[in-house]
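Student: I have a structure open and would like to learn how to read it. Can we go through it feature by feature?

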Amino acid sequence: PELESAGTLDEALETLDALAAEPRVRAIGETGLDYFRTGEEGVEAQQRSFREHIRLAKKHDLALQIHDRQAHDDVVRILLEEGAPERTVFHCYSGGAELARICNKQGWYMSFAGTVTFKNSKDIQESLRIARSELILAETDAPFLTPHPFRGRPNASYMTNYTVRFMAAHREQSLEDLCRIIRANSKRVYGVWGLSGFSGE
């Protein structure tokens, strides 16, 4: 909203387009919609930016990394209207079973953070339970969303193992199997790093 009101959004999008062409870039994002702190006056600008980011992800064949906070319906609507990129990821997945079923149908990835381990996160846990294996990712959102039993402390990448252990137990599958699945899914979305730089292999 700030860029739109300042009249510099188009310039920022041009810069992003140029940066997205760099071979080391993996994704457009975080992008999406966040209505938690945005008033009505900022919704239109957010939605316009989101649509442009979707187009850039498709133009450059990049993953789309979505930030979705209290905006599930509009995020899904815009993805369907614009045509989602082949690799669309719901970063720090915060939806319930209905959104998970949509992601399953559309082939959108659900990336679970430490919030899935919280006792009051029943909707996210139900989504994890019904998510298709080939669409599951795990992440840290350092320094936020620290998993149980360290909730309240700053998060860090090494704590992701607590999230994944919970995920495996909740899905009633072996930790080794889930780790293999997440590794394969991550590679499919973001590629791998080789000694000479990025490799999509």
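Tutor: What follows takes one helix, some salt bridges, a helix pair and a few backbone angles in turn.

Student: What kind of model is this, and how are residues numbered?

Tutor: This is a predicted model, where local features need pLDDT of at least 70, side-chain atom pairs count only at pLDDT 80 or more, and totals for chains, interfaces and linings use all residues. Residues are numbered from 1 along each chain as its sequence is written, and side-chain values use heavy atoms, with hydrogens and water left out.

Student: How are helices and strands named?

Tutor: They are DSSP runs, numbered from the N terminus: helices are H or I with at least four residues, strands are E with at least two.

Student: What do buried and exposed mean?

Tutor: Buried means under 20% relative accessible area, exposed means over 50%, and partly exposed lies in between (1.4 Å probe, protein chains only).

Student: Which residues of helix H5 are buried?

Tutor: Helix H5 spans residues 97–106, and its buried residues are Ala97, Leu99, Ala100, Cys103 and Asn104. They sit on the same side of H5, because they cover an arc of only 155° around the axis. The arc is taken from the directions that run from the helix axis to the C-beta atoms.

Student: Which exposed residues does the face turned away from the buried side carry?

Tutor: That face of H5 carries Glu98, Arg101 and Lys105.

Student: What covers the buried residues of H5?

Tutor: Look for contacts, meaning heavy atoms within 4.5 Å. The cover includes strand S2 (63–69), strand S3 (88–90) and strand S4 (109–112). It also includes helix H4 (72–82) and helix H6 (122–130).

Student: What follows H5?

Tutor: Gly107 does, and its phi is positive, near 80°.

Student: How do I recognise a salt bridge?

Tutor: Find a side-chain nitrogen of Lys or Arg within 4 Å of a carboxyl oxygen of Asp or Glu. The structure holds 12 salt bridges. One of them pairs Asp17 with Lys59, and the closest N and O atoms are 2.8 Å apart.

Student: Where in the chain do Asp17 and Lys59 lie?

Tutor: In distant parts of it, 42 residues apart. Asp17 belongs to helix H2 (residues 9–20), and Lys59 to helix H3 (residues 40–59). Lys59 counts as exposed because its relative accessibility is 57%.

Student: What does Arg51 meet in a salt bridge?

Tutor: Its side chain meets that of Glu81, at 2.7 Å from N to O. This pair also links distant parts of the chain: Arg51 in H3 and Glu81 in H4, 30 residues apart. Arg51 has 19% relative accessibility, so Arg51 counts as buried. Glu81 is partly exposed, with a relative accessible area of 48%.

Student: How far apart in the chain are Glu126 and Arg129?

Tutor: They are 3 residues apart in helix H6, about one turn of the helix. Their side chains form a salt bridge, 2.9 Å from N to O. Glu126 is partly exposed at 28% relative accessible area, and Arg129 is partly exposed at 49%.

Student: Which residues do salt bridges with shared partners join into one network?

Tutor: The network is made of Arg51, Glu52, Arg55, Asp74, Arg77, Glu81 and Glu82.

Student: How do I describe two packed helices?

Tutor: Give the angle between their axes and the distance between the axes. Axes are lines fitted to C-alpha atoms, for helices over the stretch in contact, and angles run from 0 to 180 degrees between N-to-C directions. Here H6 and helix H7 (residues 160–171) pack at about 65°, with axes 9 Å apart. That makes H6 roughly perpendicular to H7. Angles of 65 to 115 degrees count as roughly perpendicular, under 35 as roughly parallel, over 145 as roughly antiparallel, and the rest as oblique.

Student: Which residues make the contact?

Tutor: H6 brings Gln125, Glu126, Leu128 and Arg129. H7 brings Phe166, Met167, His170 and Arg171.

Student: Where are the cis peptide bonds before Pro143 and Pro149?

Tutor: One runs from Ala142 to Pro143, with omega near 5°. Another joins His148 and Pro149, with omega about 15°. Pro143 lies in the loop between strand S5 (136–138) and H7, and Pro149 lies in the loop between S5 and H7.

Student: What is phi of Asp61?

Tutor: It is near 55°, a positive value in a residue other than glycine. Asp61 lies in the loop between H3 and S2. Asp61 is exposed, with a relative accessible area of 51%.
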